[in-house]
Amino acid sequence: MRDIVERLLEIELEQNKRLKEDNLSAYNAGDKVHLKQMAFHKCPKRNRWVFGGNRSGKTECGAVEAVYMARGIHPYRENKDNVFGWVVSLSQQVQRDVAQAKILHYLNRSWIQDVTMLSGKKDSLEYGVIDQIHIKNVFGGTSIIGFKSCDQGREKFQGSSLDFVWFDEEPPKDIYDECRMRVLDKCGDIFGTMTPLKGLTFIHDEIYLNSLNSPEVWYEFMEWADNPYLNKEEVESLTSSLSPDQLESRRYGRFKASSGLVYPEFDENIHVLKSPIKIPQEWQDMISIDPGLNNPLSAHWYAVDYDGNVYVVAEHFEAGKDIDYHANKIKEICANIGWKKDRYGKISALIDSAANQKTLASSKSVTELFYEKGINVNPKVNKDMFSGIQRVKEYLHGQNNRPKIYLFPNCVNLIRELKSYRWGEGDVPRKVDDHALDELRYYLMTKPENSPLKKEKTQIQKDKERLIRKIMNERKK
């Protein structure tokens, strides 16, 4: 009996020890759930990035994702046997201190079959630099997590065929491109976790600005307030120790440049609707066009609800096409979304006053050519840049922290320009990628401030008013 009790106590101690070692089971379990980490794991796209401040929880989710895949136990993806993936750090020292340490934290020692070392000893993994970890996959095979550092150079990243690559911090462009080739034949995953400290790099341009143009790209920002394991006192202490510029990157994980954003008020999570809403015909207001032949022609469809909120519901944005092509595209979009025509049976639109000039290919102006194609364009727009920028800012900021403008997610070029438009020298915005923003300004400058759409009266209201007028007329008699 005594032997049985002692054996049960030994089993209980061993179970408690293993439970304590299995940090993966405790990840996002219990009351404290990091919602943005879970959004990262649940996202089905193959090129995912977390832009986060220091201690926001970004590295944790990268390490857990790698262990999920290697073990074959990913809760939201199809799992495979014999997975081969890389963890890429900036240097071997950073690898040892950050990404490697996180992988070991979530990798139960009983799951490890073998380890090859670049330096150090197997019995003290935390203090050495690991080359590869061989891991028991739940399907019976062996998975491999290999470690690479960017200071090895691009040539060291050639040859292998991979199921995933995790970038812990932003890699050089040539290594990123090489790693994308490594996952090509297996349709593998690229995911990165980084604090943007290098300015407007290729990750800013290819991932942040163009995520809506790619079906495989996704990103999320993480900041200290998103991490449920940071206490408020710690956050306040860290905040007070950093300058405003440092906070942008170190806390919020935002990209910074030497010249500031024209529209820092724009927040994709706030101003872009997750999915389109139904727009009643009485909300439909106007199309606005910034013309272009070699340059892109940008056109957007604008609606206004009864409270004066503006909705950008559709987009046409193409370069190198003639007026016939653009007019047909505009009419096609109008037909697809049921856009109303004016009383003359034409489509109404605003257009840059430059459209009144004659084109080299025709004796007629762009305005006249559009009119002949059934689009009645009005070139009388207010082109004052600074007043227009201020009006856009007012709509983005709104009132009581509620914006007055919302974009449908299909307006990808307008969203990209709002995110990238920056001040240049002399307090003037840089004249780059602003075609959609120009016609946005033209449209908003036609709107009197705080002028909601006049709601159509119901038949009951009309009858009531008619009855009141009749009674009043009879009294006058």
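How much space lies in the largest pocket? In this predicted model, the largest pocket holds about 1200 Å³ of space. Its lining is made up of 43 residues, and those nearest the centre of the pocket are Y219, F221, D267, E268 and N269. Several elements of secondary structure take part in this lining: helix 7 (202-208), strand 8 (217-222), helix 10 (268-271), helix 13 (385-397) and helix 14 (412-420) each contribute at least two residues. The most is given by strand 8, which supplies five residues. By residue class, the lining of the largest pocket comprises 20 nonpolar, nine polar and 14 charged residues.

The second largest pocket has a volume of about 310 Å³. A total of 18 residues line the second largest pocket, and Y27, Q37, E60, Y106 and Y229 lie nearest its centre. At least two lining residues come from each of helix 2 (23-26), helix 4 (58-71) and helix 5 (92-106). Here the lining consists of five nonpolar, nine polar and four charged residues.

Strand 8, already noted in the lining of the largest pocket, also belongs to an open sheet. This sheet is built from eight strands in the order 3-4-5-2-6-7-1-8, with mixed pairing. Strand 3 (112-119) and strand 8 form its edges, each pairing on one side only. On average, and with direction ignored, neighbouring strands of this sheet are turned by 15 degrees against each other. Within the sheet, strand 6 (residues 164-168) and strand 7 (residues 189-194) run parallel and are joined by five bridges. One residue of the pairing is F164, whose bridge partner in strand 7 is D189.

Two helices that pack on this sheet may be described next. Helix 3 (residues 35-42) touches strand 1 (47-52), strand 7 and strand 8, and the direction of helix 3 makes about 170 degrees with that of strand 8. Helix 4 touches strand 1, strand 4 (129-136), strand 5 (142-149), strand 6, strand 7 and strand 8. The direction of helix 4 makes about 155 degrees with that of strand 7. Helix 4 also supplies at least two residues of the lining of the second largest pocket.

Another open sheet contains six strands in the order 13-12-9-10-11-14, and its pairing is mixed. Strand 13 (375-378) and strand 14 (405-407) each have a single partner strand, so one side of each is left without a neighbour in the sheet. Neighbouring strands of this sheet are turned by 30 degrees against each other on average, direction ignored. Strand 14 pairs with strand 11 (residues 310-318) in the parallel sense over three bridges. In this pairing, I405 of strand 14 stands opposite V310.

Helix 15 lies across strand 9 (284-290), strand 10 (297-304), strand 11, strand 12 (347-351) and strand 14. The helix runs at about 135 degrees to strand 9. How two packed helices lie is described by the angle between their axes and the distance between the axes. Helix 14 and helix 15 (residues 435-444) pack at an angle of about 95 degrees, with their axes 8 Å apart. The two helices, helix 14 and helix 15, are therefore roughly perpendicular to each other. Helix 14 takes part in the contact through L414, E417 and L418, and helix 15 through H435, A436, L437 and L440. Five of the residues in this contact are nonpolar, one is polar and one is charged.

Note on methods: Residues numbered from 1 in each chain as written. Predicted model: local features only at pLDDT ≥ 70, side-chain atom pairs only at ≥ 80, totals over all residues. Heavy atoms only, no water. 1 Å grid on protein atoms, 1.4 Å probe; cavity = no way out; pocket = protein on both sides within 12 Å on 5 of 7 lines; lining within 4 Å. Points joined across faces, edges and corners; volume = space filled by probe spheres on them. Helix = DSSP H or I, 4+ residues; strand = E, 2+ residues; numbered from the N terminus. Nonpolar A, V, L, I, M, F, W, Y, C, P; charged D, E, K, R; others polar. Axes fitted to C-alpha atoms, helices over the stretch in contact; angles between N-to-C directions. Parallel < 35°, antiparallel > 145°, perpendicular 65-115°, else oblique. Contact = heavy atoms within 4.5 Å. Pairing = 2+ DSSP bridges.
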